[in-house]
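Please take some time with the sequence and the model shown here, and then follow the text from single residues to the wider arrangement of the chain.

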Amino acid sequence: RHLSDRVKTFREDSIWVQLPQACWRVAGGDDASGNICTFAFLAATLALKTLDDVQDGHQPPSCSNEGMALSFHALELLGALPTLDFRQITRLQRSYTNVLLKLCAGQHLDLLGQMNVQCILDHSWTIARKKTAQWFAWGASLYPRYAGDEATENTLAEFGTHIGLMHQLA
């Protein structure tokens with residue numbers, strides 16, 4: 001389906017929409033650029049969900065192509081942000097690829113499964129930190145990453161981590 005149709009499946013009041021938008025504004029970003037980043041976050045979220053569904057057997061393997069296309073589309077959307085300083089775009093795109101690598105490591109752990117019943121809870125928390133919490137941390141810290149404000153980036157990333165863990169618990 002067309003990306004805009006897929007994005008419409010997110011309700012405006014969902015955390016997937018509100019987290020990046022609210023944190024972008026709180027950190028001092030303008031609404032137009034915040035909308036672009038939120039759209040990139042949603043496209044990448046759909047990519048990750050699609051790829052996870054394929055690996056979990058909920059979608060046919062052919063859907064992995066859609067997930068990969070969406071993940072690259074999100075990277076392209078980040079490049080559409082208006083700026084006079086290309087380093088802002090590069091920071092965001094680099095952080096996106098780095099978070100995807102971390103998510104892949106978490107997915108790998110998830111696919112390995114639990115070997116020891118006594119370690120299930122610890123293993124589950126590790127996976128949640130490497131997947132959901134990492135993703136929410138990235139979504140919450142988009143504007144300070146873009147602006148190069150490391151102090152605010154760290155604060156909002158920590159906030160996003162906690163929101164991601166709570167979302168995983170829910």
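A polar contact, as the term is used here, is a pair of N or O atoms within 3.5 Å, and within protein one of the two must be able to donate a hydrogen while the other is able to accept it. Please keep in mind that the model is predicted.

With that term in hand, we can begin at Ser141, which has its place in the loop between α6 (120-140) and α7 (142-147). The side chain of Ser141 makes a polar contact with the side chain of Arg145, at 2.8 Å. Is Ser141 buried or exposed? Buried means under 20% relative accessible area, and because the relative accessibility of Ser141 is 0%, this residue counts as buried. If neighbours within four places in sequence are left aside, Ser141 is in contact with Glu153, Leu156 and Ala157.

Gln88 can be read in a similar way, beginning with its position in helix α5, which covers residues 86-112. The relative accessible area of Gln88 is 17%, and therefore Gln88 is buried as well. When residues up to four places away in sequence are not counted, Gln88 touches Thr83, Tyr146 and Ala147.

Tyr146 leads us on to the largest nonpolar core, which has 21 residues, and those with the most contacts inside it are Cys37, Leu78, Leu92, Tyr96, Trp135, Trp138 and Tyr146. Several helices take part in this core, since α3, α4, α5, α6 and α7 each supply at least two of its residues. Which helix gives the largest share of this core? That helix is α5, from which 6 residues come. To follow one member of the core in detail, look at Trp138, which touches Phe41, Leu78, Leu92, Ser95, Tyr96, Val99 and Arg145, again without counting residues up to four places away in sequence. Apart from the largest core lies another one, of 6 residues, including Leu19, Cys23, Phe136 and Ala140.

The last feature to consider is the largest pocket, which has a volume of about 1100 Å³. Its lining is made up of 39 residues, and of these Leu48, Lys49, Asp52, Gln107 and Lys131 lie nearest the centre of the pocket. The elements that give two or more residues to this lining are α3 (31-55), α4 (64-78), α5, α6 and α8 (150-169). Sorted by class, the lining of the largest pocket has 22 nonpolar, 11 polar and 6 charged residues.

How values were computed. Residues are numbered from 1 along each chain as its sequence is written. This is a predicted model: local features need pLDDT of at least 70, side-chain atom pairs count only at pLDDT 80 or more; totals for chains, interfaces and linings use all residues. Side-chain values use heavy atoms; hydrogens and water are left out. Helices (H or I, at least four residues) and strands (E, at least two) are DSSP runs, numbered from the N terminus. Buried means under 20% relative accessible area, exposed over 50%, partly exposed in between (1.4 Å probe, protein chains only). Contact means heavy atoms within 4.5 Å. On a 1 Å grid over the protein atoms alone, a cavity is a set of points where a 1.4 Å probe fits but cannot get out, and a pocket is an open set with protein on both sides within 12 Å along at least five of seven lines; lining residues have an atom within 4 Å of a point. Grid points are joined across faces, edges and corners, and a volume is the space filled by probe spheres set on the points. Ala, Val, Leu, Ile, Met, Phe, Trp, Tyr, Cys and Pro count as nonpolar, Asp, Glu, Lys and Arg as charged, and the others, Gly among them, as polar. A nonpolar core is a set of buried Ala, Val, Leu, Ile, Met, Phe, Trp, Tyr and Cys residues joined through side-chain atoms within 4.5 Å.
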